[in-house]
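Here is a quick walk through some side-chain contacts and strand pairings in this model. Have the viewer open and click along.

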Amino acid sequence: MTRHLKSCPAYQASLGQGSKPKGRAATFYHLFIEGAGLPEFWLHIDVAAKARLDDLDQFLRDTWLECCGHLSSFQIEGRYYEKDTGAVDGMWSEIFGQPGPARSMNARLSSVLRPGIKFSHDYDFGSTTRLILKVISEHEGVSRERVQILARNQLPDLPCSACGKPAAWIDTFGDYELYCAKCAQDGAVEDQEGFLPVVNSPRMGVCGYVG
């Protein structure tokens, strides 16, 4: 996908290559994002260099992570940028927070990122979902949304552990086995309280995440 985007006519047009785009020029970063240990979940995005880490954090929450307003942080070149949402686990920041002194996510991306840099994002310091991010390039483009999805993975082929059909639920109270809607409804598992939906996110089956 990284190679494709370099030659995609629609994407290149938005960068000012070929036909002239409409809108005010601005600087953007092309980021590649994947789940740590879960490379089947990935995103390519453009994000405005003038955006703040808080904007990127909110995008990741909205797209892949948010369930209970947990703490989150970026680690960039040994520095931590933390967000305390004021939710219930905020009181545990000193216990579950990052080992180094935390800075505010108010920092602009242009002040902390550059092409080639790799960094990480953690959501929920108890049942953590970690993402790995890489800056593919810096480029000029037309002004639009601060964060724009360029491409993303399709939901992986996840079969029901009972019948092999596409899974719809994951049993988080058991061995994290997957079940289709019919097997789940027919009682393949006695206790369905711990069922969470199968969703296209590296946080699938974690905490109370439902997509």
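## R61 and its salt bridge

R61 is buried, with a relative accessible area of just 2%. In this predicted model, the R61 side chain meets that of E66 in a salt bridge, 2.9 Å from N to O. E66 itself counts as partly exposed, at 29% relative accessibility. So the two ends of this bridge get different labels because R61, at 2%, falls under the 20% limit for buried, while E66, at 29%, sits between that limit and the 50% one for exposed.

This bridge also belongs to something wider: R61 and E66 are linked with D54, D57 and K83 in a network of salt bridges.

## The K83 end of the network

Which residue does K83 form a salt bridge with? Its partner is D57, and the closest N and O atoms are 3.3 Å apart. That pair links distant parts of the chain, with K83 in strand β4 (residues 79–83) and D57 in helix α3 (residues 53–65), 26 residues apart. Are K83 and D57 buried or exposed? Both of them are buried.

If you want to go hunting for the rest, a search of the whole structure finds 8 salt bridges.

## R114 and E77

Another salt bridge to click on is the one between R114 and E77, where the closest N and O atoms are 2.7 Å apart. Here too the pair links distant parts of the chain: R114 is in the loop between α5 (109–112) and β6, E77 is in the loop between β3 (72–76) and β4, and their positions lie 37 residues apart in the numbering. R114 counts as partly exposed at 44% relative accessibility, and E77 is partly exposed as well, with a relative accessible area of 46%.

E77 has a second thing going on. It takes a positive phi near 50° in the hairpin of β3 and β4, which has 2 residues between the strands.

## β3 and its neighbours

How is β3 placed in the structure? It is largely enclosed by the rest of the structure, because 4 of its 5 residues are buried. β3 pairs with β4 in the antiparallel sense, over 5 bridges. To see one register point, look at S73, whose bridge partner in β4 is E82.

β3 is also joined to β6 by 4 bridges, and these two strands run antiparallel. On that side, F74 stands opposite H121 in β6.

## An aromatic cluster

Now for the rings. A search of the whole structure finds 3 aromatic pairs. One of them is W169 with F195, a stacked pair at 6.5 Å centre to centre with 25° between the planes. W169 lies in strand β9 (residues 169–171) and F195 in strand β11 (residues 195–197), so the pair ties together parts that are 26 residues apart in sequence. W169 is partly exposed, with a relative accessible area of 33%, whereas F195 counts as buried at 10% relative accessibility.

F195 also forms a stacked pair with Y179, at 5.9 Å centre to centre and 15° between the planes. This pair links distant parts of the chain too, with Y179 in strand β10 (residues 178–179) and F195 in strand β11, 16 residues apart. Y179 is buried, with a relative accessible area of 6%. Put the rings together and W169, Y179 and F195 form one aromatic cluster.

## Two side chains that reach backbone oxygens

T128 lies in the loop between β6 (118–123) and β7 (129–142). Its relative accessible area is 41%, which makes T128 partly exposed. Which backbone oxygen does the side chain of T128 reach? That of D124, at 2.6 Å. Not counting residues up to four places away in sequence, T128 touches D122, Y123 and R203. The C-alpha atoms of T128 and V206 are separated by 8.5 Å, although these residues are 78 residues apart along the chain.

Q12 makes a similar kind of stop. It is found in helix α2 (residues 9–14), and its side chain reaches the backbone oxygen of K6 at 3.0 Å. Q12 is buried, with a relative accessible area of 18%. That label holds because buried means under 20%.

Key
Residues numbered from 1 in each chain as written. Predicted model: local features only at pLDDT ≥ 70, side-chain atom pairs only at ≥ 80, totals over all residues. Heavy atoms only, no water. Buried < 20%, exposed > 50% of the residue type's maximum accessible area, 1.4 Å probe, protein only. Polar contact = N/O pair within 3.5 Å; in protein donor to acceptor, adjacent residues only side chain to side chain. Contact = heavy atoms within 4.5 Å. Salt bridge = Lys/Arg side-chain N within 4 Å of Asp/Glu carboxyl O. Phe/Tyr/Trp six-rings, centres within 6.5 Å; stacked < 30°, edge-to-face > 60°. Pairing = 2+ DSSP bridges.
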